[in-house]
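I opened the notebook on this model and worked through it place by place. The entries below follow the order in which I looked things up.

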Amino acid sequence: MYEHDVIVVGAGGAGLRAAIAADEAGADVAIVSKLHPVRSHTGAAEGGINAALRDADSWEDHAYDTMKGSDYLGDAPAIETLCQDSPYEVIQLEHWGMAFSREEDGRVSQRPFGGLSFPRTTYAGAETGHQLLHTLYEQLVKRGIQVYDEWYVMNLAVTDEERPEDRHCHGVVAYDVQTSEVAGFKARDGVILATGGPGQAFDHTTNAVSCTGDGQAMAYRAGVPLEDMEFIQFHPTTLPSTGVLISEGVRGEGGILYNEEGERFMYERGYANNDGELASRDVVSRAELTEVNEGRGIEDEYVHLDMRHLGEDRIMDRLENILHLAEDFEGADGIEEPMPVKPGQHYAMGGIETDENGETCVGGLYAAGECACASVHGANRLGGNALPELIVLGKRAGYHAAGKEIEEAKVETGKRGEYETATIDSPVELGEGGSPGDAVADGGAVAAGGSADPDTLLEQTVESERQRVDELQSGEDGIHHSEVRSKVQETMTDHVNVFREEEGLKQALRDIREARDEYENVRVMDPSKTFNTDLLQTIETQNLLDLAEAITVGALARKEFRGAHWRAEAQERKDDEWLKHTLLSWNDGSPELWYRPVILEGENKTYEPKVRSY
Amino acid sequence: MSTQPPQHEHEESPADGVDDAESTPPAQQRREDAKADKRSRDAQRQAEADDAAKRDEPTRHIKVFRYDPEIEGKQEPRFDDFHVPFEKGMTVLDALIYARDQYDPSLTFRHSCRQAVCGSDAFFVNGDQRLGCKTQLSELDDPVRIEPLPHQEVVKDLVVDMDHFYEEMEAVDPYFDPDETPDGELEEQRQSRENREKVKMSTRCIWCGACFSSCNIAAGDNQYLGPAALNKAYRFAMDDREGESRKTERLETIEQEHGVWRCQTQFSCTNVCPKDIPLTEHIQELKREAVKKNLKFW
């Protein structure tokens, strides 16, 4: 068994920042990650980091924009923390040598982004995430922080008290991809999940193949609620054939969207008369799909994003990476022709319920980054707000887990304070179903036995995960996980996309149920104990099943149109009824739905919901 | 384009013939059944691919290196042939994913982002180091030979041991380490646009290891830092924000016995770099800087 003060799961921006903070606070910290840190998907972020750095700007304006962008579903204390800390964290990156783009006077450059009242998106070309990831990894190397890379965390070691709020996390169990060893990692002070989003639940996504929401699924099964999972951001400019992202920076620099008739539809069709292409992402994605659905799409599939008028010099200076992506992955030359784009799954606003210090309702368990929901993005994330979340909340989680004193959180977690319970109108049984009690084939619920003694608990969890590996490799028949995964991805893209209807959502739940039942008979075809990616992906698929279901349940429950979530049956925002977060608890295999009011009271003011127009 | 009927030519699945002493007879039976199931599904897919060929839909032929130290039949390295239906825009990585998901789930390779930024999927494709996700099949002749990166130990199939590469990267103090930092928490270090431009290409490295694998010197001298690590050193040595004293130390590091002077400017690293980093130029510039420094102290 391995043992450290703090264990960080995942090595993208949030995980690395958390580990550095825990190290600074004096803890013995280690990272356990299925990928080597520089392979993490943070590296694919292009646009930038929002931070109020200039005299003419303020964190209050950043907070206002973020709250408006969230369609008033963000929690004010979390949003204000993000906006207050972001300038310090961005300059910290600069002090660590990050290669930001620069102004004539040598200061870091900032550019306009969708939904922002000030050009506060700090960037490094169109490869900001790559620069951020490598800068943080460099600091990790400098500090000699231990990384167990290509170790896949399979489960958390959490005690099994009846109420999740009474449980405690003492570590994780991981699978060494190189050798198939299953080992326990005991965390004396805390476990921080920083495992990224569940983008692979969809088949047209900008997310990496590795973005399978592992941390979310593990926390969910350990009793931590998933919050606001229905809010999925569909980025308006992804390449049609692969889902590769074309940065919002293109529109920030002046790129224009055209339909097949050559109309600048964001204005000419009245979708966003003030901000046009730079309206919030959900607004632009719906506009594009409406154009396509009404017959004005190109090849009935996409629209054009044109940046030719910016000129080669400006493109090369600020958007060079975009030229390479469009050329390599779509065969389009952005200097000579418009680029084809369509909406694609990009980001999950929801996730593991945490407060603004990254703490969940289970003792010793933290989450930060895309896998978490504090909630800073509410119903829709603004471009340039994901990277600051990684570094601001990653750092706070790292400090908190390492025992460093920080302000007490104002956001509540778990079933404490004000909340209401609800029922789910599902056409099929949700959750475990099938063969209850067969925790091994079904991914393992709370650790077997759930002993309060940390060492025993770890050992028991290791044993049950070993058994799970054995069972998966000697399965009863031969369904391959990729069939199950495709089924889920297809139904999610068909029914839980930009436009959502009740019957489609119910169909998705039926399809997911069927996929769950099929998964009972899944088998790992590769018998090898060396670098068995078949085994890894089979477990990932199990995680995707839980998350696809959670997303769809939230989407079915929320009968209103807010931010990224649109319902055919209720095409307006209903503040009287729905100024509340959706929470889904695993509840030992029978998912339970409940709600908690949004916090609109900030430090100095209360945010009044207004019509969100751009 | 191949005119052969598409099929998975290696008939025996790698799982076949594995002597698993621990499995009980019923389990063995289930495995046999599973294999039969899988064979029938494979056959169905091959039939579909056959139909596609009859309808003149194009397929592509890939030959993939296979090796697994513990699986009988794979302990001796071999090549497996796969025929995959071709779609416009299909990359080497797409073909590998298709072959794995449709024909042989044990086919193993690293990959993640699919967009040339995670650096996981550098392979040796028709004799060159290339990123699988960034290489269009349409640029390559059939059969497309896909092998692990040369000069690195093969773990399994296309997966190589990257530890030696990482060690070299970490040997050059690969982190920003300025002579002095600003006093204020919100005070920026200024950097000119020219200086940022100077280091820009060097910061694009995605640690894929293609350059290191292509380098003859690295192949012959196990301690040679190699082009990627030297480029990392360049990234910091040329960054004005670090200051002169740190730069001098960095130049001493890269001047060591297995440093810049080993480079024979063959340009193989520059030719294979998927991010177009002028690696050889950077190494040459480090050599010039080192000479300047030595003259100054002489």
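**Entry: an odd backbone angle.** I started at Phe531(A), which lies in the loop between α14 and α15 of chain A. The model is predicted. I read phi of Phe531(A) as near 40°, a positive value in a residue other than glycine. Most residues other than glycine have a negative phi. I then asked whether Phe531(A) is buried or exposed. Phe531(A) counts as buried because its relative accessibility is 4%.

I looked up Thr265(B) next, where phi is near 45°, again positive in a residue other than glycine. I found Thr265(B) in the loop between α8 (244-254) and α9 of chain B. Thr265(B) has 31% relative accessibility, so it counts as partly exposed.

**Entry: cis peptide bonds.** Most peptide bonds are trans. I noted a cis bond from Ala374(A) to Ser375(A), with omega near 5°. Ser375(A) sits in the loop between β17 (372-373) and α11 of chain A. In chain B, I noted a cis bond joining Asp142(B) and Pro143(B), with omega about -10°. Pro143(B) belongs to the loop between β4 and β5 (144-147) of chain B.

**Entry: helix α14 of chain A.** I checked the length of α14, residues 502-519. Its 18 residues should span 26 Å at 1.5 Å a residue, and the end C-alpha atoms are 26 Å apart, so the two values agree. I listed buried residues of α14(A), among them Leu505(A), Leu509(A), Ile512(A), Arg516(A) and Tyr519(A). What covers the buried residues of α14(A)? The cover includes α5 (214-221), α12 (454-473), α13 (481-495) and α15 (533-557) of chain A.

I also looked at the record. UniProt, in an unreviewed entry, annotates residues 498-525 of chain A as "coiled-coil region". In the model I found that span to be 64% helix and 0% strand, with its end C-alpha atoms 36 Å apart.

**Entry: chain B overall.** I counted 10 helices and 7 strands in chain B. Of its 298 residues, 57% count as buried. I took contacts in chain B between residues at least 6 apart in sequence; 68% of these join residues at least 24 apart.

The unreviewed UniProt entry lists residues 61-166 of chain B as "domain: Succinate dehydogenase/fumarate reductase N-terminal". I found this span to be 14% helix and 29% strand. Its end C-alpha atoms lie 33 Å apart.

I then turned to helix α7 of chain B, residues 226-237. It reaches 16 Å from its first C-alpha to its last, close to the 16 Å expected. How many of the residues of α7(B) are buried? The count is 12 of 12. Charged side chains are included: Lys232(B) and Arg235(B) are buried.

**Entry: two buried residues with contacts across chains.** I found Leu325(A) in helix α10 of chain A. Leu325(A) counts as buried because its relative accessibility is 4%. Beyond its sequence neighbours, Leu325(A) is in contact with residues including Glu46(A), Leu239(A), Ile246(A) and Gln115(B). Val244(A) is another contact of Leu325(A). The C-alpha atoms of Leu325(A) and Val244(A) are separated by 7.6 Å, though the residues are 81 apart along the chain.

I found Val117(B) in the loop between α2 (92-102) and β3 (122-125) of chain B. Val117(B) has a relative accessible area of 13%, so it is buried. Beyond its sequence neighbours, Val117(B) touches Gly43(A), Ala44(A), His130(A) and Ile206(B). I also noted 9.7 Å between the C-alpha atoms of Val117(B) and Pro274(B), 157 residues apart along the chain.

**Entry: the second largest pocket.** I read its volume as about 660 Å³. Of the 32 lining residues, the closest to the centre are Glu327(A), Asp328(A), Phe329(A), Gly331(A) and Gln136(B). Two or more lining residues come from α10 (320-330) of chain A, and likewise from β4 (128-131) and α9 (268-272) of chain B. By class, I noted 11 nonpolar, 9 polar and 12 charged residues in this lining.

**Entry: cavities.** I counted 15 cavities of 30 Å³ or more. The largest cavity holds about 780 Å³. Among its 49 lining residues, His41(A), Thr42(A), Gly196(A), Cys211(A) and Glu370(A) are the closest to its centre. The largest share of the lining, 4 residues, comes from α11(A). This lining divides into 20 nonpolar, 21 polar and 8 charged residues.

Notes:
Residues are numbered from 1 along each chain as its sequence is written. Chains are lettered from A and ligands numbered from 1 in the order in which they are written. This is a predicted model: local features need pLDDT of at least 70, side-chain atom pairs count only at pLDDT 80 or more; totals for chains, interfaces and linings use all residues. Side-chain values use heavy atoms; hydrogens and water are left out. On a 1 Å grid over the protein atoms alone, a cavity is a set of points where a 1.4 Å probe fits but cannot get out, and a pocket is an open set with protein on both sides within 12 Å along at least five of seven lines; lining residues have an atom within 4 Å of a point. Grid points are joined across faces, edges and corners, and a volume is the space filled by probe spheres set on the points. Ala, Val, Leu, Ile, Met, Phe, Trp, Tyr, Cys and Pro count as nonpolar, Asp, Glu, Lys and Arg as charged, and the others, Gly among them, as polar. The expected span of a helix is 1.5 Å times one less than its number of residues. Buried means under 20% relative accessible area, exposed over 50%, partly exposed in between (1.4 Å probe, protein chains only). Contact means heavy atoms within 4.5 Å. UniProt positions are given in the numbering used here, feature names are shortened, and annotations may be inferred rather than shown by experiment. Lists of a residue's contacts leave out its neighbours within four places in sequence.
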